[in-house]
Amino acid sequence: MAACTPADEAPEEAAAPETGEAAAPEMTGETETAQAGETSFDIAESDLRWRISTLADDEFEGRAPAMPGGIAASQWIADEMERIGLEPGYEGSYFQPVPLLEVTLDEATSSFDIMHDGEPMGLTTNEDVVFWTKRAADEVTVEDSELVFVGYGVVAPEYDWNDYEGVDVEGKTVVMLVNDPGYADPDSGLFNGNAMTYYGRWTYKYEEAARQGADGVILIHQTAPASYGWNVVSGSWTGAQLDLAREPGEGTFAAVESWVTEDVARQLFDMSGLDFEGLTAAAAQPDFEAVPMEGLTASATLHNSTRTLDSRNVVGVVPGTERPDEYVIYTAHWDHIGIRDVPEGEDGLYNGAVDNATGTAAILEIGEAFAANPPARSVMILAVTAEESGLLGSAYYGENPIVPYDQTVGGINIDAMLPTGRSRDIVVVGHGASELEDVLETVAEEQDRHIVPDPNPEAGYFYRSDHISLAKHGVPMLYADGGEDLREGGVEAGQAMAEDYREHRYHGPADEYSEDWEMSGMVENTELFYEVGSRLANSGDWPNWYEGNEFRALRDEQMGE
């Protein structure tokens with residue numbers, strides 16, 4: 001295991017492994033764990049076990065970005081990339097620096113409240129409201145900002161939808177619903193029906209409100225359309241928050257971003273003489289118009305402590321033999337939560353074995369296979385940082401791409417593969433998005449498998465992993481995983497395993513590697529993802545988003561269509 005070295009040092013030069021005659025990889029069924037330097041160019045269980053167990057080891061202290069364990073883990077990944085024959089992917093280095101800004105709200109001296117005719121409601125932080133700012137400032141204030149209900153807060157030209165049409169919200173505080181109009185009325189034909197689009201994500205809503213000039217943003221929490229409870233809001237948006245560090249003047253943010261509970265929202269509508277049920281229903285109709293919330297104003301004072309941190313994406317490349325300027329990208333996030341303060345005797349180390357040592361191990365395994373048999377196009381293996389803090393490493397790449405987007409053919413993201421047996425199906429998250437699914441379907445059929453849609457499209461999981469950072473810039477991205485219809489045990493067994501992970505290990509200290517893991521499904525899925533990328537990298541095809549997708553117009557313009 002590599003020792004921790006400073007973030008700006010490249011890994012020491014290592015001898016290239018003996019490759020022998022280059023050949024396409026094959027799945028192997030070794031049950032033992034490989035040792036350092038003993039990995040195979042085949043897609044091998046022993047390789048995956050070794051890489052997962054290494055990344056999930058206590059020595060890396062949960063792989064928190066910019067912390068000693070995270071620095072050491074990213075160094076180990078870079079060392080692996082060099083050992084298996086990948087070339088440095090960023091200006092002669094395996095590291096793309098990612099500057100981070102940590103902002104911690106001082107709740108004791110900060111406040112957020114809503115006034116009705118000048119009388120404060122007396123909102124309780126974390127119980128009624130959670131609030132923060134993305135501005136890099138020690139103090140941020142909003143005073144007597146008028147409230148306006150803007151429905152879902154969406155501007156979507158391809159759906160002929162603009163919730164801000166005819167209203168000036170500059171200097172005001174906008175109030176909006178989570179998800180998008182298609183969720184409210186799946187049979188209406190609006191947006192993508194029950195499947196959330198990018199416009200339903202809370203991240204988009206805050207970004208759009210800032211573009212419209214709003215001072216404050218209030219997002220109404222409702223469990224069903226958000227797909228998580230208030231406890232997730234109060235647990236995720238409190239304490240130290242990470243964002244990308246930006247130069248002065250870069251980025252546009254509202255002064256205050258917030259969530260309020262549905263109970264608080266109903267009180268606001270009542271106080272301003274508005275019908276909550278009627279207006280939330282109207283917000284899902286094409287003729288909706290924003291409504292001033294008469295008599296209501298928001299005021300907030302935020303005191304923050306800030307500091308900058310340095311993390312890094314890890315990038316390796318297999319140059320193409322015929323068209324090296326065209327790239328297929330594989331992404332996975334290497335980071336996890338790190339160490340948390342817990343009572344004595346409890347485990348405060350979050351190893352993140354499934355999430356996402358599995359994905360990182362898989363893209364290294366795939367990179368090793370391509371290094372043995374370089375394709376016509378180049379392949380980039382991109383292990384990104386700070387996913388758990390809001391997809392920050394991939395967002396940084398999105399804003400600072402190493403390869404121009406009109407030279408990026410498409411990509412595959414691998415995130416949190418469960419250790420299960422082989423399945424009959426492949427779940428496509430965000431099913432119906434791009435022509436990459438056509439390639440996936442062909443390869444899946446060769447494994448005697450079929451693709452199925454994400455069973456919970458309303459949760460918007462397609463917008464919650466790193467591929468979205470490239471999709472937002474037009475690049476077709478595929479996010480898929482092994483399904484729940486296991487060849488041994490069927491759907492019942494697959495669902496039970498997935499539920500057990502969600503309930504007992506997800507984002508918890510119990511997410512640890514075990515020698516008892518069943519790996520056959522993970523091996524088969526890694527082989528599948530390798531083969532999909534290989535088909536792209538050895539073809540002249542340029543897959544696009546399907547017609548009607550929110551990213552199609554951007555890709556068309558990008559490719560001069």
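# A tour from helix α1 outwards

Begin by selecting helix α1 in this predicted model: E45, S46, D47, L48, R49, W50, R51, I52, S53, T54 and L55 are buried there. With 11 of its 11 residues buried, α1 is largely enclosed by the rest of the structure.

**Within α1**

Next, display the side chains of E45 and R49, which meet in a salt bridge with an N to O distance of 2.9 Å. The two residues are 4 apart in α1 (residues 45-55) and are therefore separated by about one helical turn. In an α-helix there are 3.6 residues a turn, so residues three or four places apart point the same way. E45 has a relative accessible area of 9%, below the 20% limit for a buried residue. R49, at 4% relative accessibility, is likewise counted as buried.

**From α1 to α2**

Now select R51 and E80, a salt bridge in which the closest N and O atoms are 3.0 Å apart. This pair links distant parts of the chain, as R51 belongs to α1 and E80 to helix α2 (residues 68-83), 29 residues apart. Both partners are buried. Extend the selection to R83, E365 and E368: together with R51 and E80 they are linked in a network of salt bridges.

**From α1 to α9**

Keep α1 in view and add helix α9 (residues 353-372). Two packed helices are described by the angle between their axes and the distance between the axes. For α1 and α9 the angle is about 135° and the axes are 8 Å apart. That angle makes α1 oblique to α9, and the crossing is right-handed. On the α1 side, the contact is made by D47, L48, R51, I52 and L55. On the α9 side, select A353, A357, T358, T360, A361, A362, L364, E365 and E368. R51, E365 and E368 thus take part in this contact and also belong to the salt-bridge network.

**From α9 to α14**

Leave α9 displayed and bring in helix α14 (residues 520-537), which packs against α9 at an angle of about 50°, with the axes 10 Å apart. The two helices are therefore oblique to each other, and their crossing is right-handed. Select T358, A362, E365, I366, A369 and F370 of α9, then M522, T526, F529, Y530, G533 and S534 of α14, to show the residues that make the contact. T358, A362 and E365 appear here as well as in the contact of α9 with α1.

**The nonpolar cores**

Turn to the largest nonpolar core, which has 63 residues; I52, I77, V314, Y330, L440 and F529 touch the most other members. Helix α9 supplies the largest share of this core, 11 residues. Centre the view on Y330 and show its surroundings: leaving aside residues up to four places away in sequence, Y330 touches I363, I366, F370, V379, M380, I381, L382, I412, F529, Y530, G533 and S534. A second, separate core has 53 residues, among them L123, V140, L147 and V429.

**A last stop in α15**

Finally, move to helix α15 (residues 552-558), where R552 and D556 lie 4 residues apart, about one turn of the helix. Their side chains meet in a salt bridge (3.1 Å, N to O), and both residues are buried. To continue, note that a search of the whole structure finds 23 salt bridges.

Terms used. Residues numbered from 1 in each chain as written. Predicted model: local features only at pLDDT ≥ 70, side-chain atom pairs only at ≥ 80, totals over all residues. Heavy atoms only, no water. Core = buried A, V, L, I, M, F, W, Y, C linked by side-chain atoms within 4.5 Å. Buried < 20%, exposed > 50% of the residue type's maximum accessible area, 1.4 Å probe, protein only. Contact = heavy atoms within 4.5 Å. Salt bridge = Lys/Arg side-chain N within 4 Å of Asp/Glu carboxyl O. Axes fitted to C-alpha atoms, helices over the stretch in contact; angles between N-to-C directions. Parallel < 35°, antiparallel > 145°, perpendicular 65-115°, else oblique. Left-handed = near helix turned anticlockwise from the far one by under 90°.
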